[in-house]
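Please look over the sequence and the model below before reading on, and keep both in view while the text leads you from one part of the fold to the next.

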Amino acid sequence: MEGSRDIDHWTSVAAQWIAWARTPNHDAFWAYQDQLKAYVGTGTGAALDVGCGEGRVSRALTACGYTVTAVDPVPEFVEAARQAQSARRYAVAPAGALPFEDGGFDLVMAYNVLMDVDDVPGAVREMKRVLRRNGTMFISVVHPLADLALMEAQERYFDRRRFSAKVEERGLAMHFAGWAEPLEAYARALESAGLAIVSLREPSAAPLAGQDHLDRWTRLPLFLWIKARNLPG
Ligand SMILES: C[S@@+](CC[C@H](N)C(=O)[O-])C[C@H]1O[C@@H](n2cnc3c(N)ncnc32)[C@H](O)[C@@H]1O
C-alpha cells in the first residue's frame with residue numbers, strides 16, 4: 001500500500017472519527033452540507049467517493065442522484081459506510097492505488113482527504129485515471145488561510161508543513177493529523193495530472209443550532225472547494 005503514515009493515523013482514530021462525524025450538528029460538515037449539495041448539483045452518473053470515511057459524503061452524492069462507489073484505505077470506515085447504506089459499491093483501497101478500470105467514473109470526489117494524504121500528486125494522478133474524459137474531479141481541502149491561522153510564527157507558508165492537533169469539543173475528542181500545503185501545491189498536482197480547474201468556491205459556514213463555535217468560519221474560509229475537468233488527450 002502507498003505511504004502508510006496517513007493510513008496508520010486514520011486507522012488509529014477511526015472510532016473517534018466515526019463518533020465525531022456522526023454526532024448530530026457536531027462537526028463543521030453539517031454547516032456546509034447544503035451548499036455542498038447545491039455546488040455538486042444533481043447528476044445521474046457514476047461517482048467515486050475517495051477517502052469516504054464513515055460515508056456522509058457518499059450519502060450526499062447519492063442524494064444528488066449519483067450512483068456512488070465508496071472507497072477508503074481503512075476497513076473500519078468502509079464497514080461503517082456500508083452499514084449506513086451510504087453507497088452502491090464499496091472497496092478498501094488508498095487514493096494512490098484504486099481498484100477500478102480507467103475512465104469509469106463521471107465524478108471523482110476527494111472531500112477533506114488530500115490534506116491527509118502523504119503523496120498528493122500520486123493520489124491526484126490515480127483519481128484522474130479512473131475519471132472519464134471531461135468528467136469532473138471535486139476536491140475539498142482545509143483552506144490555506146485557515147491553516148495560516150494555526151501556523152507557528154517561524155513556519156513558511158510556502159513549505160509543506162506537518163500538522164497534528166488533538167481537539168476536545170463538547171465531550172468528543174479527535175486527533176487530526178496531516179499536511180498544510182500552499183494553494184499552489186493543489187493547483188500544480190491538478191495541472192500536472194492533466195486536469196483543468198474550472199470552478200473554485202470558498203464557502204462560508206452556515207452554523208446550525210448549537211454550532212456557535214463555528215462563528216469564526218462565517219468570517220474566514222475554513223474550506224476550499226475546487227472542480228477540475230479531465231481534459232481529453
Ligand atoms: C477527514 S476524513 C474525511 C472522510 C470523508 N471524506 C468525510 O468528509 O466525511 C479523512 C479520510 O481520508 C482517508 N485517508 C487517509 N489516507 C488516505 C489515502 N492515502 N487514500 C485515501 N484516503 C485516505 C481517511 O481514512 C479518512 O477517511
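In this predicted model, strand 5 (residues 131-142) and strand 9 (residues 223-230) lie side by side in the antiparallel sense, and seven bridges link the two. One place to find this pairing is V142, whose bridge partner in strand 9 is F223. Strand 9 also pairs with strand 8 (residues 195-201), again antiparallel, this time through six bridges, and here A196 stands opposite R229 of strand 9. Is strand 9 mostly covered or mostly open to its surroundings? Six of its eight residues are buried, so strand 9 is mostly covered, given that a residue counts as buried when 20 or more other C-beta atoms lie within 10 Å of its own.

These pairings belong to a wider arrangement. Seven strands make up an open sheet, and if you walk across it you meet them in the order 3-2-1-4-5-9-8, with pairing that is mixed. Strand 3 (89-92) and strand 8 stand at the edges and each has a single partner strand, so one side of each is left without a neighbour in the sheet. From one strand to the next, the twist averages 20 degrees. In general, the strands of a sheet pair through backbone hydrogen bonds, and they may do so in either a parallel or an antiparallel way. The parallel way can be seen where strand 1 (residues 46-50) joins strand 2 (residues 67-72) through five bridges, and there V50 has V71 of strand 2 as its bridge partner. Helix 8 (residues 183-193) packs on the sheet, where it touches strand 5, strand 8 and strand 9, and its direction makes about 145 degrees with that of strand 8.

Now step back to the whole chain. The secondary structure of the protein comes to eight helices and nine strands. Its radius of gyration is 17 Å, close to the 17 Å that the globule rule gives for 233 residues, so the protein is as compact as a globular protein of that length. The C-alpha trace spans about 45 × 40 × 35 Å along its principal axes, and 39% of the 233 residues count as buried. If you take the contacts between residues at least 6 apart in sequence, 67% of them join residues at least 24 apart.

The model also holds a ligand, and 22 residues surround it, the closest being D6, W10, G51, G53 and A95. Two elements, helix 1 (4-12) and helix 4 (56-63), each give two or more residues to this shell. Which element gives the most to the shell? That is helix 1, with three residues. Sorted by class, the shell has 14 nonpolar, three polar and five charged residues.

Two residues in loops deserve a last look. Most residues other than glycine have a negative phi. N25, however, has a positive phi of about 60 degrees although it is not a glycine, and it sits in the loop between helix 2 (14-22) and helix 3 (33-40). With 14 other C-beta atoms within 10 Å, N25 is partly exposed. N112 is not a glycine either, and its phi is positive at about 55 degrees; this residue is found in the loop between strand 4 (105-111) and helix 6 (120-129). N112 has 17 C-beta neighbours inside 10 Å and therefore counts as partly exposed.

Key
Residues are numbered from 1 along each chain as its sequence is written. This is a predicted model: local features need pLDDT of at least 70, side-chain atom pairs count only at pLDDT 80 or more; totals for chains, interfaces and linings use all residues. A residue is near a molecule or strand if its C-beta atom, placed from the backbone, lies within 6 Å of it. Helices (H or I, at least four residues) and strands (E, at least two) are DSSP runs, numbered from the N terminus. Ala, Val, Leu, Ile, Met, Phe, Trp, Tyr, Cys and Pro count as nonpolar, Asp, Glu, Lys and Arg as charged, and the others, Gly among them, as polar. The radius of gyration is taken over C-alpha atoms; the globule rule is 2.2 Å times the number of residues to the power 0.38. A residue is buried if 20 or more other C-beta atoms lie within 10 Å of its own, exposed if 12 or fewer, and partly exposed in between; C-beta atoms are placed from the backbone. Two residues are in contact if their C-beta atoms, placed from the backbone, lie within 7 Å. Two strands pair if DSSP finds at least two bridges between them. Axes are lines fitted to C-alpha atoms, for helices over the stretch in contact, and angles run from 0 to 180 degrees between N-to-C directions.
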